[in-house]
Amino acid sequence: MAMLKKDFFKNKYLYVLALFGLAYYLIFCYVPMYGVIIAFKNYAPTKGIMGSPWVGLDHFTGFFQSFYFWRLLRNTLLINVYELIFAFPAPIILALLLNEVRKAFFKRMVQTVTYLPHFVSIVVICGMIVDFSRLTGLFNQIIGLFGGEAANLLLDPSLFRTIFVASGIWQGVGWGSIIYLAALTSIDTQLYDAATVDGANRWKQMWHVTLPGIMPTIVILLILQFGGMMNVGFEKIILLYNSQTYETADVISSFVYRRGLLEANYSYSTAVSLFNSIVNFLLLIMANRLSRKINDTSLW
């Protein structure tokens with residue numbers, strides 16, 4: 001207790017700063033958890049949370065037995081799998097390529113160009129995608145150059161996931177590479193010198209020195225990626241999808257948005273969202289345990 005008191009007075013300003021972060025998570029993350037109980041009630045705003053009758057697992061059972069369950073689960077998982085296969089490696093590849101660039105001016109220019117889309121509003125990004133996907137849009141003009149036929153691309157269910165994932169890579173690849181570029185700076189340069197003495201070329205240095213050097217960072221971010229496998233931002237989905245693309249575009253988060261906010265079915269949407277969070281939590285634990293067994297790298 002005396003050591004704790006001494007440490008508090010020694011670092012009192014740090015503790016004061018930490019209080020703001022703690023207050024944020026308490027107010028916006030932990031206190032709202034109280035509202036989760038409406039997933040087990042037939043919630044009515046006029047009766048309040050405690051005054052609403054209990055219905056147990058009825059909302060969960062209704063969701064599991066509904067027509068939408070498998071479609072939402074399939075679409076959510078497929079989009080996340082595509083992002084895991086194509087979007088997750090993209091920042092790593094960009095960071096490795098930038099690490100090999102020796103011209104400082106060119107390197108800074110590429111970094112600036114790739115960072116910029118991250119700072120553009122998602123509404124603006126989706127507006128650009130909608131305009132580019134029209135019959136007279138940029139994408140169709142490019143398709144026409146190769147002899148293809150123009151079509152409204154966002155009305156084609158088979159193209160929605162491709163457009164969604166590709167636009168996400170374009171927007172986030174530069175920003176996502178920052179953490180890998182930071183990890184690259186921690187690699188001991190003597191390892192490169194030793195590899196050069198052993199006759200390793202640039203490719204072998206990257207494969208045997210650079211990649212192993214940033215592997216702990218890659219593993220940690222991969223675990224976090226698995227922990228969000230059931231999450232797809234509904235903002236971008238609802239800005240891009242339409243009734244003709246529900247079959248491939250509708251995901252759990254967009255379904256919760258429609259049922260909860262547009263249809264005011266609060267209990268049902270809370271149950272669906274709680275199911276989504278539980279699955280994410282289980283996936284995070286499984287990915288962390290698997291990573292710890294394979295290469296001794298984990299979040300905890």
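The following exchange concerns helix packing, salt bridges and a surface patch in a predicted model.

Biologist: Why is helix α5 called oblique to helix α15?

Modeller: Helix α5 (residues 68–87) and helix α15 (residues 252–262) pack at an angle of about 135°, with their axes 8 Å apart. Angles over 145 degrees count as roughly antiparallel and those of 65 to 115 as roughly perpendicular. The angle falls in neither range, and α5 is therefore oblique to α15.

Biologist: Which residues meet between α5 and α15?

Modeller: Y68, L72 and T76 in α5 meet I252, F255 and R259 in α15.

Biologist: What makes D250 and R71 a salt bridge?

Modeller: Their closest N and O atoms are 3.2 Å apart, and the cut-off is within 4 Å. The pair links distant parts of the chain, with D250 in the loop between α14 (246–249) and α15 and R71 in helix α5, 179 residues apart. R71, D250 and R258 are linked in a network of salt bridges.

Biologist: How do you know whether D250 and R71 are buried or exposed?

Modeller: Buried means under 20% relative accessible area. D250 has 0% and R71 has 10%, so both are buried.

Biologist: Why does R259, which forms a salt bridge with E263, count as buried?

Modeller: The relative accessibility of R259 is 19%, and the limit is under 20%, so R259 counts as buried.

Biologist: What makes Y24 eligible for the nonpolar surface patch?

Modeller: Y24, in helix α2 (residues 12–30), is partly exposed at 45% relative accessible area. Patch residues need over 30%, and Y24 passes that limit. The patch, of about 1000 Å², also includes L19, L22 and M33.

Note on methods: Residues are numbered from 1 along each chain as its sequence is written. This is a predicted model: local features need pLDDT of at least 70, side-chain atom pairs count only at pLDDT 80 or more; totals for chains, interfaces and linings use all residues. Side-chain values use heavy atoms; hydrogens and water are left out. Patches are made of residues with over 30% relative accessible area and no salt bridge: like charges are joined within 9 Å, nonpolar side chains (Val, Leu, Ile, Met, Phe, Trp, Tyr) within 5 Å. Accessible areas come from the Shrake-Rupley method with a 1.4 Å probe; for residues, only the protein chains shown count as cover. A salt bridge is a side-chain nitrogen of Lys or Arg within 4 Å of a carboxyl oxygen of Asp or Glu. Helices (H or I, at least four residues) and strands (E, at least two) are DSSP runs, numbered from the N terminus. Buried means under 20% relative accessible area, exposed over 50%, partly exposed in between (1.4 Å probe, protein chains only). Axes are lines fitted to C-alpha atoms, for helices over the stretch in contact, and angles run from 0 to 180 degrees between N-to-C directions. Angles under 35 degrees count as roughly parallel, over 145 as roughly antiparallel, 65 to 115 as roughly perpendicular and the rest as oblique. Contact means heavy atoms within 4.5 Å.
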